[in-house]
Amino acid sequence: MIIDGAAVGEQIRTEVKTGVSTFVARYGFAPGLATVLIGDDPASHTYVRAKLKACAEVGIASIHTELPARTTQDEVVAIVRTLAKRTDVHGILVQVPLPDHMREEEVLNEVPLGKDVDGFSASVLGRLGVKGKKVVCAPCTPQGCIELLERNQVQIAGAHAVVLGRSTIVGLPVAMMLLARDATVTICHSKTQELANHVRRADIVIAAIGRPKFVTADMIKPGAVVIDVGVNRVPDASRKSGFRLVGDVDFDAVKSIAGAITPVPGGVGPLTIAMLMKNTLWAAQALCLVS
Ligand code: NAP
């Protein structure tokens, strides 16, 4: 089975749109997402534009701040603290990567837990690892992986999940979320010995290492579910752009062995912004319930 991330993403956005309408009817205002974009990185500008567009589509209000690359860390921190106090702001997203002169972790940790819709702060990561400890907003891409598994009725409890990659944005949080759902989890990274042998034992493989077609057919147990988070540019002279996107998994070879697999593009990618919308609605609901 090819898991259709675009369809699942669309389904989630439709659910969020309905949830936002109910929220507006109840409270008389829309959930608000504050986005802070610093510098000129073209990819960051593209991502933020897509996030603002998604907000407009589901009815979430956008509060957008754009700052030049020379902005100091103290200035950004002051802006985040002001946004944190605003009652019309229910979620705050500081687009990463930040300019080199800023300490990213310090800035992200300024976002209060209840408004951290990206789920990037250290508190969120810590809580993900504690069974029974609730987080309002789990990080978007890892949560997207879980949604893809759950909405396709993949049994997580009791399964052996192998996660390739241990970044704080994808690998580590997705591993913790699988563990919290009672999977037995192996995390592999660049120093892992005999990595292929670990992957061969997996019922669920999550690949998040950023290496094109690293996971080959001989590494996959027949019937395993493969979620490919990787997004890699490879040269392609037949394309006008001169490149195409491929995942961390050799999709064409693995698809006939795996029980289910996500393509790249069109797998995990569409889930990330959908989960950001869902997180913003959740954050607004949680904040309004306590106030
Ligand atoms: P990252 O911060 O660079 O982390 C990569 C991880 O992979 C590290 O833990 C690294 O191990 C491990 N790794 C690298 N090479 C390896 C190898 N040869 N064997 C085993 N492990 C290896 O990357 P990231 O931010 O987690 O992103 C991973 C991929 O997901 C990228 O392709 C990125 O573009 C993609 N991504 C997609 C989405 C989306 O679709 N929405 C969102 C985020 C990221 P060490 O820790 O030992 O260095």
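**Exercise 1. Work out where the largest pocket lies relative to domain 1 and domain 2, and why.**

Step 1: get the domains. In this predicted model the chain splits into domain 1 (28-113) and domain 2 (140-270), with bounds from an automatic or database domain assignment. Their centres, taken over C-alpha atoms, are 29 Å apart.

Step 2: check who supplies the lining. Both domain 1 and domain 2 give residues to it, so the largest pocket lies between them.

A word on ground rules: residues are numbered from 1 along each chain as its sequence is written. Since the model is predicted, local features need pLDDT of at least 70 and side-chain atom pairs count only at pLDDT 80 or more, while totals for chains, interfaces and linings use all residues; side-chain values use heavy atoms, with hydrogens and water left out.

**Exercise 2. Describe the lining of the largest pocket.**

Step 1: pin down the term. On a 1 Å grid over the protein atoms alone, where a 1.4 Å probe fits, a pocket is an open set with protein on both sides within 12 Å along at least five of seven lines; lining residues have an atom within 4 Å of a point.

Step 2: count. There are 39 lining residues, and Tyr 47, Thr 141, Val 231, Gly 269 and Thr 272 lie nearest the centre. Elements giving two or more residues include helix 2 (42-58), helix 6 (140-151) and helix 10 (269-290); helices here are DSSP runs (H or I, at least four residues), numbered from the N terminus. Helix 2 gives the most, 8 residues.

Step 3: sort by class. You get 24 nonpolar, 8 polar and 7 charged residues, where Asp, Glu, Lys and Arg count as charged, and Gly goes with the polar ones.

**Exercise 3. Find which residues surround the ligand and which polar contacts they make.**

Step 1: list the shell. It holds 19 residues, the closest being Arg 166, Ser 167, Ser 190, Val 231 and Thr 272; a residue is in if one of its heavy atoms lies within 4 Å. By class, that's 7 nonpolar, 10 polar and 2 charged.

Step 2: go through polar contacts (pairs of N or O atoms within 3.5 Å). The side chain of Ser 190 has an N or O atom 2.5 Å from a ligand oxygen. A polar side-chain atom of Arg 211 sits 3.3 Å from a ligand nitrogen, and a backbone N or O atom of His 189 is 3.5 Å from a ligand nitrogen.

Step 3: work out the cover. Alone, the ligand exposes 930 Å², and the protein buries 69% of that (Shrake-Rupley method, 1.4 Å probe).

Note on methods. Polar contact = N/O pair within 3.5 Å; in protein donor to acceptor, adjacent residues only side chain to side chain.
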